[in-house]
Amino acid sequence: MAQSHMAASNPAFDAVTLEILWRRIISAADEAAKALRRTSFSTLVNESNDFACVLTDARGQSLAQNTESIPSFIGTLPVTVKEFIRQIGLDNMRPGDVLVTNTPWIATGHLNDISVAKPIFRHGRIVAFAASTAHAPDIGGKVRSVEPREVFEEGFHIPIMKLLNEGKPDATLIKLLRAAVRTPDQTEGDLWAQITGLDLLERRVGELMDEYGLDDLDAFAEEILGRCERAMRSAIGKLPSGTYPFEFNTDGLDQPFTYKIAVTVAGERIGIDYAGTSPQVDRAINCTMTYTFAMTAYALKCALLPNLPNNEGIFRCIEVTAPAGTIVNPRFPASVGGRMATGHYLPFAVLGALAPMMPDRVMAASGSPLWSIIETGVRRDGKTYANVLFFNGGMGATAGNDGQNAYAWPSNVSNVPVELIERNSGLFIARKELRRGSGGAGRFRGGLGQEIAFEVISTTPVGIIFMAERCRFPAPGMDGGAPGAPGEVEVDGVPVDYRSNMVLKPGQRILLRTPGGGGMGPSSERDPQALERDRREEYV
């Protein structure tokens with residue numbers, strides 16, 4: 001038996017022990033994430049990293065998440081766990097239960113992400129929850145197209161329920177899910193991979209509690225959350241009090257969308273309000289409040305407290321509001337499948353408002369509000385398939401560095417390797433290269449987008465949905481920096497409406513040019529050595 005380092009009756013934690021416990025819990029979440037990734041069936045998880053693992057306390061407050069989490073999921077998952085607790089009740093949970101939902105308004109904002117949580121028991125009572133969210137390879141419906149008018153058109157809806165009841169799977173739910181999706185084996189397989197991660201996190205937390213003689217995590221949670229809350233309050237308290245507005249336009253639909261934000265600093269609290277932002281639309285591009293809060297809080301943490309691991313304490317002094325019926329807080333049953341096309345602009349809105357207060361801690365706009373191709377079809381053997389392929393634009397420049405090339409900020413998903421695209425899809429990639437000259441000029445240059453040329457080689461027609469942004473309004477620079485190049489989508493050499501679904505035949509060609517990031521500062525102030533390096537690397 002491992003030696004007990006601390007008696008359960010002693011709730012006090014010295015700084016060293018607290019740090020060890022916290023780092024080990026983070027390590028356990030990282031290990032759970034690796035297990036999830038390695039046992040998953042889809043490239044969305046095992047290549048693109050579109051998932052997260054989180055540990056919460058018994059009240060659903062986040063304590064730790066895996067280091068490479070998707071930023072939005074670490075903000076939405078605790079909301080989902082709290083809703084599990086509210087709707088199901090702690091008294092109705094048993095060892096071996098796994099809870100599940102994909103309801104957009106209480107989870108990640110669209111049906112495509114499946115959230116699961118497992119109560120962790122000790123001495124007969126719940127002490128924590130292991131939770132994860134992963135983007136399913138397919139959830140049925142119209143495959144994240146912006147065309148649906150209501151959420152009912154967007155796929156298979158899983159209300160809050162038990163996927164496993166005392167370890168026994170709900171066979172009816174799994175049968176219905178498999179019948180509703182184009183990728184039954186992958187979608188179910190990824191769900192079981194998530195459960196594998198939960199099981200591992202449960203075991204590691206139990207082992208840690210055994211080793212340290214802990215009956216619960218209450219005292220540890222309050223200590224960690226309290227310290228992080230104080231750190232965030234201190235960071236906010238250093239800002240000058242006042243209200244700082246910012247606004248900008250994006251591609252929108254027939255008309256541009258307007259984003260308005262007001263950041264109000266009041267002592268050690270900060271409030272963000274999106275009043276004046278465009279009203280919700282009857283297309284699947286609305287962003288639910290859970291996602292709006294997550295992306296807003298993420299940007300604030302990046303600017304104010306970048307080096308502290310995430311947990312709920314950091315967000316206690318942040319309030320985010322948005323009028324109901326806007327694209328950042330739509331009313332049910334709005335369609336929300338493409339919510340990232342809205343939500344990924346919110347970190348730029350926050351940084352734009354913060355720029356007058358802290359110009360050295362912000363970043364110019366990125367050219368990568370998530371770009372992707374969603375491909376569907378039928379294989380030669382008659383089986384249906386769906387592929388989600390990410391292609392990132394350039395990251396915005398900061399006050400001290402050039403933007404990263406072809407980098408998915410603020411999402412953290414990865415580009416899909418060419419070999420896997422060609423293996424799994426009906427597409428051949430003729431060319432994939434950095435897009436020369438696409439980064440906005442400046443003292444520090446914006447990151448480059450990329451150019452990808454495809455040919456349809458499927459023997460049957462393929463459905464293609466483009467998720468593209470910044471084709472009409474490029475990523476703006478900051479502090480005198482130039483904007484990045486706008487994105488472009490062509491089919492057979494002709495620009496197309498990237499909001500419309502398409503069916504392509506064998507031999508047709510697609511060309512994507514993803515946007516570049518904005519530059520920071522006047523280009524006249526760029527270091528001559530950096531200019532020479534740009535020319536040598538053929539970035540300009």
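Start with the largest cavity: 19 residues line it, and Asp50, Tyr291, Arg339, Leu370 and Ser411 are the ones that lie nearest its centre. Keep in mind that this is a predicted model. Besides that cavity, this briefing walks through an open sheet of four strands and a strand, β3, that is covered on both faces.

**The largest cavity**

- The volume of the largest cavity comes to about 120 Å³.
- Counting cavities of 30 Å³ or more, the structure holds five.
- Two helices, α3 (71-88) and α7 (289-304), each give at least two residues to the lining of the largest cavity.
- Of these, α3 has the largest share of that lining, with three residues.
- What kinds of residue make up the lining of the largest cavity? They split into 10 nonpolar, five polar and four charged.
- Two domains take part as well: domain 1 (15-228) and domain 2 (363-540) each put at least three residues into the lining of the largest cavity.
- As for how such spaces turn up at all, rolling a probe the size of a water molecule over the atoms shows where empty space is left.

**The open four-stranded sheet**

- Read across the sheet, the strand order is β13-β12-β16-β19, and the pairing is antiparallel.
- Which strands sit at the edges? They are β13 (384-390) and β19 (502-504), each of which pairs on one side only.
- On average, neighbouring strands of this sheet are turned by 25° against each other, direction ignored.
- Zooming in on one pair, strand β16 (residues 462-467) is joined to β19 by three bridges, and the two run antiparallel.
- For Val462, the bridge partner in β19 is Leu504.

**Strand β3 and its two partners**

- In a regular strand, the side chains alternate between the two faces of the sheet.
- Strand β3 (residues 98-101) has Val98 and Val100 on one side, with Leu99 and Thr101 on the other.
- Are these four residues buried or exposed? Val98, Leu99, Val100 and Thr101 are all buried, leaving both faces of β3 covered.
- One partner of β3 is strand β6 (residues 161-165): three bridges join the two, and they run antiparallel.
- Within that pairing, Leu99 stands opposite Lys162 in β6.
- Another partner of β3 is strand β4 (residues 113-122), again through three bridges and with an antiparallel run.
- Here Val100 has Val116 in β4 as its bridge partner.

How values were computed:
Residues are numbered from 1 along each chain as its sequence is written. This is a predicted model: local features need pLDDT of at least 70, side-chain atom pairs count only at pLDDT 80 or more; totals for chains, interfaces and linings use all residues. Side-chain values use heavy atoms; hydrogens and water are left out. Two strands pair if DSSP finds at least two bridges between them. Axes are lines fitted to C-alpha atoms, for helices over the stretch in contact, and angles run from 0 to 180 degrees between N-to-C directions. On a 1 Å grid over the protein atoms alone, a cavity is a set of points where a 1.4 Å probe fits but cannot get out, and a pocket is an open set with protein on both sides within 12 Å along at least five of seven lines; lining residues have an atom within 4 Å of a point. Grid points are joined across faces, edges and corners, and a volume is the space filled by probe spheres set on the points. Ala, Val, Leu, Ile, Met, Phe, Trp, Tyr, Cys and Pro count as nonpolar, Asp, Glu, Lys and Arg as charged, and the others, Gly among them, as polar. Domain bounds come from an automatic or database domain assignment. Buried means under 20% relative accessible area, exposed over 50%, partly exposed in between (1.4 Å probe, protein chains only).
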